[in-house]
4 protein chains.
Amino acid sequence: MPIRAVVWGENIHERINKTVASLYPEGMHEAIATLLRKDPNISVSTVVMQDPEHGMTEKKLAETDVLLWWGHRDHGGVADEIVERVAKRVWEGMGLIVLHSGHFSKIFKRLMGTPCALKWREAGERERLWVVNPLHPIAAGLPQYFELEYEEMYGEHFSVPEPLETVFISWFQGGEVFRSGLTYKRGAGNIFYFRPGHETYPTYHDQTVGQVLRNAVNWAYNVQGTYKAIHDAPNVPVEKALEKIVERGPKLHAAGEEGLR
Amino acid sequence: MPIRAVVWGENIHERINKTVASLYPEGMHEAIATLLRKDPNISVSTVVMQDPEHGMTEKKLAETDVLLWWGHRDHGGVADEIVERVAKRVWEGMGLIVLHSGHFSKIFKRLMGTPCALKWREAGERERLWVVNPLHPIAAGLPQYFELEYEEMYGEHFSVPEPLETVFISWFQGGEVFRSGLTYKRGAGNIFYFRPGHETYPTYHDQTVGQVLRNAVNWAYNVQGTYKAIHDAPNVPVEKALEKIVERGPKLHAAGEEGLR
Amino acid sequence: MPIRAVVWGENIHERINKTVASLYPEGMHEAIATLLRKDPNISVSTVVMQDPEHGMTEKKLAETDVLLWWGHRDHGGVADEIVERVAKRVWEGMGLIVLHSGHFSKIFKRLMGTPCALKWREAGERERLWVVNPLHPIAAGLPQYFELEYEEMYGEHFSVPEPLETVFISWFQGGEVFRSGLTYKRGAGNIFYFRPGHETYPTYHDQTVGQVLRNAVNWAYNVQGTYKAIHDAPNVPVEKALEKIVERGPKLHAAGEEGLR
Amino acid sequence: MPIRAVVWGENIHERINKTVASLYPEGMHEAIATLLRKDPNISVSTVVMQDPEHGMTEKKLAETDVLLWWGHRDHGGVADEIVERVAKRVWEGMGLIVLHSGHFSKIFKRLMGTPCALKWREAGERERLWVVNPLHPIAAGLPQYFELEYEEMYGEHFSVPEPLETVFISWFQGGEVFRSGLTYKRGAGNIFYFRPGHETYPTYHDQTVGQVLRNAVNWAYNVQGTYKAIHDAPNVPVEKALEKIVERGPKLHAAGEEGLR
């Protein structure tokens, strides 16, 4: 069964900005989806922010193995309730790939627990991404570096937690560096942040970027399915202790009482 | 200048539960403060949830180097606005030590980005904490293990992110294990989670626990002070690029425009 | 194409100790191989220390995707040259699974860079392994914990580097804990240390242990094959720099000279 | 009591190469020592490779809190026995700071367990080091980046294990990036790798480099002293088990027998 990937598109600049519209006439989400569809093992659909519940209904999320998130213009417009719903699915094992300006999305900040801020410059400068983790599944089939001739600069300090692994580091023409490919795990969910993807450049028509995204979907996918127990904080009563023990001392909770949250 | 440590106490069970009141007649926060005061390098004050703004005014936080947080009965009663304020101070470099049932506090969940759930049993059983990171500053002066004869059990899976370092792992009489001392960094702030501390037991009268808490305050303290830049996402204009570059390609942002959040 | 797993057996206690011989009449390596063969995706062969070059010829290693290593009685008898050869294959991307007393094998110590010491007791006590990383591929299909009724105790402190991820933590009847499942990456090679497997107990006839080993082989396998460039330290001459630069300042090396090692 | 820092100098190029000799007339080790001496909390001495036992006698090591290592021309000339001795002291808690070409030193490769290879180019190009971990003790007092106008280029992939924390990332004029400040822990010893320091450039006369080195010495220093138990693998006899257990099942070891290594 193929991996069910869903591309979430903010879908605003494509409609209000001529440059973006001409680069991505069907929306950035569709360009990303097209890159993913080159992998026969990935089944791709797209949703946009303007869909009911931002396209992130309980049903849709339950059918999503890996979610890709691109947003920029209106992070604040995403309902908090939906952000919590997506976070829960990540904890249960859904993969999440956060793209470019998604560093400031509510869902990424929610899962990182940090500001996720960075320096930036929009000057169409050259970015060169170096693989610092050869044979990492996300770098499969890549050369030792690849270039994007026109990109927005993102510079350190990128205020995210120390990652599980760093996969890419970017060099920018104007003198900055950036950790461009970072992996995390939150609950049972694999998370990958991938830097490139400014909407005024043809990044999502780039075949190497496509390779990275396909790799990332395969990497983030958890074949074991959904782990609902991640939400539980079960009481283990004395009589069910794995080793025989005798209850001692004063107690706060009455028997069978639920824990406090 | 001594480290300014502030103990935040929920201060509820001490007032409504006879067992807790008799163990901690001046409140658990005062017992914790007493343990810290044995270190002449630490200057200790306490605040409680019932104080205005839960004791976490902008002024108080600005004067706090390391915050210790004990809560259990009413995590939900802490105002979201205050939680955000505390998170911001952590990102700026304030140390944070989260104690026992504080695993479910809003501030800990906010900074971890995960459910922070676990198994539990209140049976006054024996806990043995093993040092798995000898010579870590938080384990300074400790033996290879230490015991708490009466404690609540917390069992894995503890749904937190993979830590920077694991300092303690607990063995429980009833058959469970738990990662009892974990370090994190969020923004510029050092975070330590320390498991023991159930309110119906005399844990905060234990001298080894006191040693751990004093060590943790010293470890979490950032001598460099406050890093306000952690909140910034500055634009670096082309003319101020560190290497001379020429602006190219289409742009989304007008010159001098602020970035989108 | 199936994953080519090779089980390396020290094959000494099976021949000189009656208990071990009766538990593992065809050798521990064959028992381990039998567990792996339940996965049709794994093609298994075995070698033993007594084979020429300890079974680790250049040819055999080139045909090995994942190596499992069990040794105890004669770590010192493994030739240093072979250890280096195995280490190089790990760096190139071969997976390595180190079992039980293999914590003191030359190859594990070589790759960890630490003493890899621990406490131990041979008393046939109960071990309970807790999954602390649900949905990690190595924990696929496992319950929240599993037990081995008779095992040797290994206790902390286990002097290994902080792992990439902790998968299992063991509880022991006699009061100790141990980090029983740890992942590492060295060069392009994935490494997993798995604690159980004392030779006087039937651990390698246990079906849950078999599940872990099969999972670990699948996890450690690098589908991308061999990364020979891991050994290179190439000079990048000025005229081949990716950005045009002009050579400046004094030089140590003549043009085209190899780097110093 | 001040921190006892020892600078280990290979001391070859200073004597055979005119450029290096004129930049560092008293040897590179003395230039490094001079930078450290600006911190009154550090007591500095130097040894050179040509000293008896390379200056690393048991006595000298016992009196060393933090060791700084610069070598390039003759890594192979350092006796293996001395390398093992230094490694043991690191495991016991001695700090180690490995400088520049020391990435290929025996001691660094020994502790990393990886090839530690990288790309390089000697062209006197500009290096800009970005702080990616603000308020890390090693970055204390530094601006957001600093530059070295003339340096050798080191480029990724740097084949070292994933670090505990990344402190600096370098941008190079010729188009490469490099993780220039990495922290590790091996046993009880803190390790910092710091990239700059090519012998034909005045890097060790740079005041910001001096600040980093002083910071690193303070960070790597373990105030708790020496942890000899790191080498032990003690047997815990049944009668001394912390919880009462009864010996069961067959045994390999006779009572009181030492463990196998």
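How many salt bridges does the structure hold over all chains? The count is 84, a salt bridge being a side-chain nitrogen of Lys or Arg within 4 Å of a carboxyl oxygen of Asp or Glu. This is a predicted model, in which local features need pLDDT of at least 70 and side-chain atom pairs count only at pLDDT 80 or more, while totals for chains, interfaces and linings use all residues. Residues are numbered from 1 along each chain as its sequence is written, chains are lettered from A and ligands numbered from 1 in the order in which they are written, and side-chain values use heavy atoms, with hydrogens and water left out.

We can begin within chain A, where A:Asp80 pairs with A:Lys106 in a salt bridge whose closest N and O atoms are 2.7 Å apart. A:Asp80 belongs to helix 5 (residues 80–92) of chain A and A:Lys106 to helix 6 (residues 106–112) of chain A, so this pair ties together parts that are 26 residues apart in sequence. Helices (H or I, at least four residues) and strands (E, at least two) are taken here as DSSP runs, numbered from the N terminus. Aromatic pairs come next, and they number 50 over all chains. The rule pairs rings of Phe, Tyr and Trp (its six-membered ring) if their centres lie within 6.5 Å, with planes under 30 degrees apart counted as stacked, over 60 as edge-to-face and the rest as tilted. In A:Phe158 and A:Tyr193 the ring centres are 5.2 Å apart and the planes stand at 50°, so the pair is tilted. This pair links distant parts of the chain, 35 residues apart: A:Phe158 sits in the loop between strand 6 (145–155) and strand 7 (165–172) of chain A, and A:Tyr193 in strand 9 (residues 189–194) of chain A.

The arrangement of the copies follows. Two copies of a chain are related by a rotation about an axis and a shift along it. Superposition was by least squares on the C-alpha atoms of residues with pLDDT of at least 70 in both copies. A turn of 180° with a shift of 0.0 Å along the axis lays chain B on chain A with an RMSD of 0.0 Å. The C-alpha of B:Gly113 is the one in chain B nearest this axis, 2.6 Å from it. Chain C can likewise be laid on chain A, by a turn of 180° and a shift of 0.0 Å along the axis, with an RMSD of 0.0 Å. Chains C and A are thus related as by a two-fold rotation axis. C:Leu164 is the residue of chain C that comes closest to the rotation axis, at 3.4 Å (C-alpha).

Between chains B and A, contact (heavy atoms within 4.5 Å) brings together 72 residues of chain B and 71 residues of chain A. The buried area, meaning the accessible area (1.4 Å probe) that two parts lose on being put together, summed over both, is about 5600 Å², and carbon and sulfur atoms give 61% of it. On the chain B side, B:Trp120, B:Arg248 and B:Leu252 lose the most area to chain A, together 15% of what that side buries. As 99% of the interface residues of chain B are also interface residues in chain A, the copies meet through the same surface. There are 2 salt bridges between chain B and chain A; the side chains of A:Glu149 and B:Arg248 meet in a salt bridge at 2.9 Å, N to O. Strand 5 of chain B gives the most to the side of chain B that touches chain A, with 8 residues.

The contact between chains C and A takes 27 residues from each of chain C and chain A. Here the buried area is about 2100 Å², of which carbon and sulfur atoms give 55%. C:Leu135, C:Gln224 and C:Leu242 lose the most area in chain C to chain A, together 34% of what that side buries. The salt bridges between chain C and chain A number 4, and C:Arg126 forms a salt bridge with A:Glu243, their closest N and O atoms being 2.7 Å apart. Strand 5 (119–131) and strand 7 (165–172) of chain C are the elements that give two or more residues to the side of chain C that touches chain A. The largest share, 3 residues, comes from strand 5 of chain C. For this pair, 100% of the interface residues of chain C are also interface residues in chain A, so the copies meet through the same surface.
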